[in-house]
Amino acid sequence: MDTRQLEGNAGAAFAIHVLRGIGQVVFQNNPVSGLIILGALFFNSWIYGVICLLGPIVATLTARAPDADDGLIADGLFGFNGALVGLALVAFTSANFRTGAVPSPAMFVYIVFAAAMTSVVFSALGTLLQPYKVAALTMPFVLVGWLFLFAVLKFANIEAGPLAKPVSPDQYAVAAAYILPTWYMGIGNAIGQIFFQDNWIAGYLILLGIAVNSRVSALMALLGAGLAAAVAAIFGGPEGAIRDGLFGYNAALTAMALGGFFLILTWRSFLYTLFGIVVTTWLWASVAIFLKPIGMPVLTSTFVLVTWLMLIGAQGFKALVPVPPAQATTPEGNRRRHLSGPAMAAAA
């Protein structure tokens, strides 16, 4: 979508930056993708839809106040962690995880500060990670989300609520059989769970939003969610956890990150991506068990850890071609530029 004409209007430009921030949760720098994804959240719950708007609005305004890089703001890179942290705080403090609950005034202020803090952490991590040539990804959301969720337990005016959704695979019945809905609902839920949407239809609508900008990214998201479900089933994962998409949402993000976005897509990088998906699936279960005693959810921590390690490791493998974060667009665009590079250099 060509938004250059709209960028001249301050209000329209800001709206585009916010929508790009929603899309950037799944690596899509496209306001139309962001709009479709936002629609998917409203389809499931108007509460989540509103919070998904509030988070990137606050985070983007926070970045603008101290004059952050205009390009990063315009691309929505300060907004996506704000969207996630707002959604997480509502999801894990609501009696009904699926629809969320209207935040109290105290929780609303809490969400605003958490979203603002993600912009600070994003800038800090960007500076720290620059020598390693990897992006901050969703780690600002993970760090701020954990810190703010812990603090909820100490404030009487913020309703912690029951943790309505299990956070560990051993909280599910192990005897349930795998049936057809295990797979089509599990894959849809895995994509939906990236945005805390316990709704498999919303998950496939989010997938549509990804496909509008990059068909390869959409296929990678499907591959990540599907392979994670298969790996979990092969190793005897609880049917309920697979159907709820808990094994797959981190794996779907890993698949998109490694499958053409931060690495040029070749058959070798594809195999590397498959390896990352499997490891992410196992690591989700490991971290979930580790965090269970303190009642904390995994969030997207396993995606970040695996992707960081594999991208840094890729710099030592000659067959893999990393894409600098500042140059990453879509798998299709990255590959096109890579293939045209030598020819253009020879012509020059």
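Q: Which residue supplies the backbone oxygen that the side chain of glutamine 197 reaches?
A: This is a predicted model, in which local features need pLDDT of at least 70, side-chain atom pairs count only at pLDDT 80 or more, and totals for chains, interfaces and linings use all residues. Residues are numbered from 1 along each chain as its sequence is written, and side-chain values use heavy atoms, leaving out hydrogens and water. A polar contact (within protein) is a pair of N or O atoms within 3.5 Å, one able to donate a hydrogen and the other to accept it. At 2.9 Å, the side chain of glutamine 197 reaches the backbone oxygen of phenylalanine 195.

Q: Is glutamine 197 buried or exposed?
A: Glutamine 197 sits in the loop between helix 8 (180–193) and helix 9 (200–213); helices are DSSP runs of H or I with at least four residues, strands runs of E with at least two. Apart from its neighbours within four places in sequence, glutamine 197 is in contact (heavy atoms within 4.5 Å) with Leu41, Asn44, Tyr48, Asn189, Gly192 and Ala202. Because its relative accessible area is 0%, and the cut-offs are under 20% for buried, over 50% for exposed and in between for partly exposed, glutamine 197 is buried.

Q: What percentage of the chain is buried?
A: The chain has 15 helices and zero strands. Along the principal axes, its C-alpha atoms fill a box of roughly 65 × 50 × 35 Å. Of the 348 residues in the chain, the buried share is 54%.

Q: Among contacts between residues at least 6 apart in sequence, what percentage join residues at least 24 apart?
A: One example of sequence distance beside spatial distance is leucine 299 and phenylalanine 195, which lie 104 residues apart in sequence and 10.0 Å apart in space, C-alpha to C-alpha. For contacts in the chain between residues at least 6 apart, the share joining residues at least 24 apart is 74%.

Q: Where in the chain is leucine 299?
A: Leucine 299 counts as buried because its relative accessibility is 2%. Beyond its neighbours within four places in sequence, leucine 299 has contacts that include Ala88, Phe92, Phe141, Trp146, Phe196 and Tyr249. Its place is in the loop between helix 13 and helix 14 (301–314).

Q: Which residue forms a salt bridge with glutamate 239?
A: Side chains of opposite charge can pair when their charged atoms come close. A search of the whole structure finds one salt bridge, that is, a side-chain nitrogen of Lys or Arg within 4 Å of a carboxyl oxygen of Asp or Glu. Its two residues lie in helix 11 (residues 239–243), four residues apart, about one turn of the helix. With the closest N and O atoms 2.8 Å apart, the partner of glutamate 239 is arginine 243.

Q: Is arginine 243 buried, partly exposed or exposed?
A: Glutamate 239, at 7% relative accessibility, counts as buried. Arginine 243 has a relative accessible area of 23%, so it is partly exposed.

Q: What is the angle between the planes of tyrosine 178 and tryptophan 183?
A: The structure holds 16 aromatic pairs; rings of Phe, Tyr and Trp (its six-membered ring) pair if their centres lie within 6.5 Å, and planes under 30 degrees apart count as stacked, over 60 as edge-to-face and the rest as tilted. Tyrosine 178 and tryptophan 183 form a tilted pair at 6.0 Å centre to centre, with an angle between the planes of 55°.

Q: How many residues apart are phenylalanine 247 and tryptophan 284?
A: Phenylalanine 247 and tryptophan 284 form an edge-to-face pair, 4.9 Å centre to centre with 65° between the planes. This pair links distant parts of the chain: phenylalanine 247 is in the loop between helix 11 and helix 12 (249–261), tryptophan 284 is in helix 13 (residues 267–291), and the separation is 37 residues.

Q: What is the phi of phenylalanine 27?
A: Most residues other than glycine have a negative phi. Phenylalanine 27 is in the loop between helix 1 (10–24) and helix 2 (31–44), and it belongs to one aromatic cluster with Phe261, Phe262 and Phe303. Phenylalanine 27 is buried, with a relative accessible area of 7%. Although it is not a glycine, its phi is positive, about 70°.

Q: What is the phi of leucine 137?
A: Leucine 137 is found in the loop between helix 6 (105–129) and helix 7 (139–152). At 5% relative accessibility, leucine 137 counts as buried. Its phi is positive in a residue other than glycine, near 55°.

How values were computed: Buried < 20%, exposed > 50% of the residue type's maximum accessible area, 1.4 Å probe, protein only.
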